[in-house]
Amino acid sequence: MTFHGTDWFLLSPELVLTTAGLILLALAPVFRKGHDEFVGFLSFLFVGVTAVFLAIVSAAPARHAGPILAGMFVVDNFAVFFKFAILLTIALTILASIGFLGSAPYPSVEFFALLLFAGVGMLFMVSGSNLISIYVSLELMALSSYILAGYFKGQVKSTEAALKYFILGAFSSAVLLYGLSLVYGVGGKLGLTELAQMYAGTQRTNLVVLGILLVLAGLLFKIAAVPFHVWTPDVYEGSPTPVTAFFAVGPKLAAYAILARIFYVGFPKFHADWGLIVALVAAATMIWGNIAALLQTNVKRMFAYSSIAHAGYALLGVLGFQTPFGLWGILVYLLAYTFMNFGAFALVIFLETRGYAAETVADFNGLAKRNMPAAIVMLLFLLSLAGIPPTAGFIGKYYLFTAAMKAGYAWLAVLAVLASAVSLFYYFRIAAAMFFSEAEGAPMKGSFALTAAVIVCAAGTLVVGIAPERVLEVLRHCVPGTY
Amino acid sequence: MNLSQMPILSIVTYIPLVGALLIVFLVPKEKTGTIKMLATVFAGVDLLVSLPLWFAFDRAKAGYQFQERASWIPSLGVDYHFGIDGISLVLILLTTFVGFIAVYCSYTAIHERQKEYYVLLLLLQTFMIGTFCCLDFFLFYVFWEVMLVPMYFLIGVWGGERRLYAAIKFFLYTLAGSVLMLLGIIALYFYNTTGFLGYKGLGHAPTFSVEALTAVASGMPAELQVWLFFAFFFGFAIKVPMFPFHTWLPDAHTEAPTAGSVILAAVLLKMGTYGFVRFSLPMFPEAIKTDWVLGLVVALAIIGIVYGAMVTLVQKDMKKLIAYSSVSHLGFVMLGVFAGNMAGLQGGILQMVNHGVSTGALFLLVGIVYERRHTRMIAEYGGLARQMPLYATYFLIMALSSMGLPLLNGFIGEFTILQGAFARNFWWAFFASMGIVLGAAYLLWLYQRVFFGELSNPANAKLPDLTMREQLTLAPLVVAALWIGLYPKPLFDVLRTPSENIVRSLGGKTMPPPAMAVKAPPAPAAAETGAGQPR
């Protein structure tokens, strides 16, 4: 394998972000505690620079030449979309973490460095077009995530979250790796395109189907689909809340990207084998995610189950791969989900950093009186999560329901819309607490960084909801393999 | 001024929204007087601006008027498309009329969080008018859903004791129905374009246009029509509400603040019946001509009429009593609409307006006495006619209008509906007329217990009679009731053309003969179109 000049160029966003993480680590001895804001804004700046490089790369004709690094790394529109979404998530996470870390007794430099490394892993993941590069980058993301989950090491719950995440994550990685090895063993190739060509010319064997199902199981772990979801509530509850916000969005984006890429590019021939299984998993995920969320009193656990339910909706798009709405729908939905879910978590963080635990729904009591704009924005995110128009969540869900109908899963679409209607019940418990409760208290003001994150999320939720055309048109051309 | 040159429907729709935004951003919440004034002005201007629609509307012209069309999401084929026919015209005027009254009647009822209250009322107004204007399914769905949000908060913040329960129940019930409707819309969309579930699509360009999809839907195979009819049915029937989906209604009505109840009764419930008239009837004629489908819907309507009236009879709470009476009245509307002939349809639509006027007024009246006594229990009252003669008079007029006394609006609606039902099937009319008898019973009995007898409860001894403002809120409704009761022709004129279109789309001539409608298979027989149409 030889490097060409253009390869370095196409890899520049990843390289910049890696360098940024290393610089932060080098700065760690200098900036111990007390410089959290500076370090935070520095990391934010790094992410911004990465985004600029990404923009340059995405505009360059060089990326259209096809996969580079011996077919391991591809910068198609699909990857570019996910890279932007991931950088957005990381930037939002940084903004949401600054105040939060400032009030905690832990150094922030390593925190941001780990976040950037997780980002590097995700950027490589979404570009992976080879089983090995996908797996290695997934592990980079996962290892950074385990440490982030346990970052508040003095808190038992945080440590517990890290341990659970690590053990179950490692287990699921092993399952994934085993599946990949079977797929490789039968196909004899590692590149997704080559694998697809190889399978197209050979008989379907049970061994390869087993391999595919194991790969599927490993990825369903990462997106927290039932029955591979059990780690989610504990990890989400125990992790520091900005990390939870990140987990609920970032790794899911990346995992959906490789799920889509592997199954769309690599295994289209075996749709009949995995279709029904994915349909059943989606049904179970939507039903259990929503029912379990109904039973939660802890807000973070509730959002954990709600994110499980959302993973179920997005699986409808996976089922609709062959329809024009399937992959398009996933992209639209994930974008909407990034804005609305991160926004909701940002409001939970807002309450936490203001001295409120934001552990139970009751902590939202009277928020409308204490800070009306915050309550209204939270309401917007809740409406969007519940799929009420005119919000991004509605547009996203609309696409997914459409994909399911078009793909012939009408029963699943009926189940999905009803599950979605039920979800309103638990989302609106928070709305009721914010607006109906008479609790009094001092007015609250958010920090600058957090407010900025919330405004970005709210703007995204509204724009995708009310004037989606531009976004939709761009995303329409982001199917894997298109440039 | 040429109305057709202006986006008049958008103007009518968004005036309240502009008012709401002005209040949000410009008026501090302590200045309640300014807030009330602004809200009243904007609701009033909206009413005034909507009036020219009535005069500029061309009664003879088929199709939609005052159309506005712009591309919204071209990649999906979604348009921002407004336009009205006679049916929507009547309901839009009802909305602006009742919306103004709802703002005006709240001055003394609402003391807390007034800024939010009036903002929500105005927002609700915008969303309701928008729903009636939509000629694009996607846009319609957006308005239809988003309307729930302000209503949820109106009930939840300013409602009675069980307001939390009532608010979320209202939201969840209607949402559950409407998401199924969304799937129906998606199915229609695919049938028109690329097909789905083994149905070969027509290959047309993607669109959500109501006109285009209505034409497409009415040509669908019967079994698909039945499926889609039920997808839409849940959305509309829950909103109406039809038995057995009505249980959210008494809770929502009872807990909502007065203005909320008035709007719920007068406009929100009409969304459901409007949906049936605008969408279900013209789109799924084959489904409606299917015996078991029609039988089921009519049976539910008749159960609603009779059961609703019987439950009303035993209520101890005035507001709940009127809430349950809505179930019965809306059953009438459904019966008329599904009779599918000119009399039934026009009567049904007219009865929507009548119910809005009469029941809206009754909720106002209950709200007035509740403000004074803070109880709605019938047993707490008695002999009020001595203490509050004006109030008793207004109440009597509206109760009589609600029970269908000749010369008042309810009579025209119920009579026409019964005429239409009778033309289809004697038994439909027979059972429905039992509802009228029961209706007279519960209203007169209510009146007797509240207004006649001795003024035995000392708490009522010093109740002041209606103020000038209260009279001003009630008088327009009384005028409307009398006008419709004495001279309904203008309304029938407006409704005739769209109703004829619907009856024609139902295959007016191929309707089964009246007496055989339920049992016998449809046979080509005597034309029902136009028969029994009041002149």
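# Chatting through a two-chain model

Visitor: Let's start with His374(B). Is it buried or exposed?
Guide: His374(B) counts as exposed, because it has 9 C-beta neighbours inside 10 Å. Keep in mind that this is a predicted model.

Visitor: Where is His374(B) found?
Guide: His374(B) is in the loop between α15 and α16 (384–387) of chain B. The backbone there has a quirk: His374(B) isn't a glycine, yet its phi is positive, at about 55°.

Visitor: What about Leu407(B), what is its phi near?
Guide: Phi of Leu407(B) is near 80°, a positive value in a residue other than glycine. You'll find Leu407(B) in the loop between α17 (389–403) and α18 (409–424) of chain B.

Visitor: And is Leu407(B) buried or exposed?
Guide: Leu407(B) is exposed, because there are 12 other C-beta atoms within 10 Å and the cut-off for exposed is 12 or fewer.

Visitor: Okay, prolines now. Which peptide bond leading to Pro244(B) is cis?
Guide: That's the bond from Phe243(B) to Pro244(B), with omega near 0°. Pro244(B) lies in the loop between α9 (222–239) and α10 (248–255) of chain B.

Visitor: And in chain A, what is omega near for the bond from Val226(A) to Pro227(A)?
Guide: Omega is near 5° there, and that bond is cis. Pro227(A) is in the loop between α9 (206–223) and α10 (231–238) of chain A.

Visitor: Back to chain B. How many residues of α10(B) are buried?
Guide: Seven of its eight residues are buried, and α10(B) is mostly covered. Among the buried ones are Pro250(B), Asp251(B), His253(B) and Glu255(B).

Visitor: What do the buried residues of α10(B) pack against?
Guide: They pack against α6, α7, α11 and α14 of chain B. Tyr324(B) is found in that last helix, α14 (residues 318–339) of chain B, and Tyr324(B) touches Pro250(B).

Visitor: What else does Tyr324(B) touch?
Guide: Leaving out residues up to four places away in sequence, Tyr324(B) also touches Gly308(B), Val311(B), Thr312(B) and Gln315(B). Leu313(B) is eleven residues from Tyr324(B) in sequence, and their C-alpha atoms are 9.0 Å apart.

Visitor: So is Tyr324(B) buried or exposed?
Guide: Tyr324(B) is buried, because 26 other C-beta atoms lie within 10 Å and 20 or more is the cut-off.

Visitor: Which residues of α5(B) are buried?
Guide: The list runs Phe137(B), Phe138(B), Leu139(B), Phe140(B), Tyr141(B), Val142(B), Phe143(B), Trp144(B), Glu145(B) and Val146(B). That's ten of the ten, so α5(B) is largely enclosed by the rest of the structure.

Visitor: What covers them?
Guide: The cover includes β2 (78–84), α4 (114–133), α6, α7, α8 (210–217) and α11 of chain B.

Visitor: Let's follow α11. At what angle does α11 of chain B pack with α15 of chain B?
Guide: Helix α11 (residues 258–283) and helix α15 (residues 342–373) of chain B pack at about 165°, with their axes 8 Å apart. That angle makes α11(B) roughly antiparallel to α15(B). The crossing is right-handed.

Visitor: Which residues meet there?
Guide: From α11(B) they include Ser261(B), Ala265(B) and Lys270(B), and from α15(B) they include Met352(B), Gly356(B) and Phe363(B). By class, the residues of this contact are nine nonpolar, seven polar and one charged.

Visitor: New topic: how many residues does the contact take from chain B and from chain A?
Guide: Chain B puts in 26 residues and chain A 27. On the chain B side, α5 (137–146), α6 (148–158) and α7 (163–192) each supply at least two. Helix α7(B) gives the most to that side, with 13 residues.

Visitor: And what is the side of chain B that touches chain A like by class?
Guide: That side has 23 nonpolar residues, two polar and one charged.

Visitor: Last one: how many residues has the largest nonpolar core?
Guide: The largest nonpolar core has 413 residues, and those with the most contacts inside it are Ala346(A), Leu382(A), Ala404(A) and Leu335(B). Helix α14 (residues 326–353) of chain A gives the most to this core, with 21 residues.

Visitor: What is Ala404(A) in contact with?
Guide: Setting aside neighbours within four places in sequence, Ala404(A) is in contact with Leu316(A), Leu319(A), Gly320(A), Tyr409(A), Leu412(A), Ala413(A) and Ala416(A).

How values were computed:
Residues are numbered from 1 along each chain as its sequence is written. Chains are lettered from A and ligands numbered from 1 in the order in which they are written. This is a predicted model: local features need pLDDT of at least 70, side-chain atom pairs count only at pLDDT 80 or more; totals for chains, interfaces and linings use all residues. Two residues are in contact if their C-beta atoms, placed from the backbone, lie within 7 Å. Helices (H or I, at least four residues) and strands (E, at least two) are DSSP runs, numbered from the N terminus. Ala, Val, Leu, Ile, Met, Phe, Trp, Tyr, Cys and Pro count as nonpolar, Asp, Glu, Lys and Arg as charged, and the others, Gly among them, as polar. Axes are lines fitted to C-alpha atoms, for helices over the stretch in contact, and angles run from 0 to 180 degrees between N-to-C directions. Angles under 35 degrees count as roughly parallel, over 145 as roughly antiparallel, 65 to 115 as roughly perpendicular and the rest as oblique. A crossing is left-handed if the near helix is turned anticlockwise from the far one by less than a right angle, and right-handed if clockwise. A nonpolar core is a set of buried Ala, Val, Leu, Ile, Met, Phe, Trp, Tyr and Cys residues joined through C-beta atoms within 7 Å.
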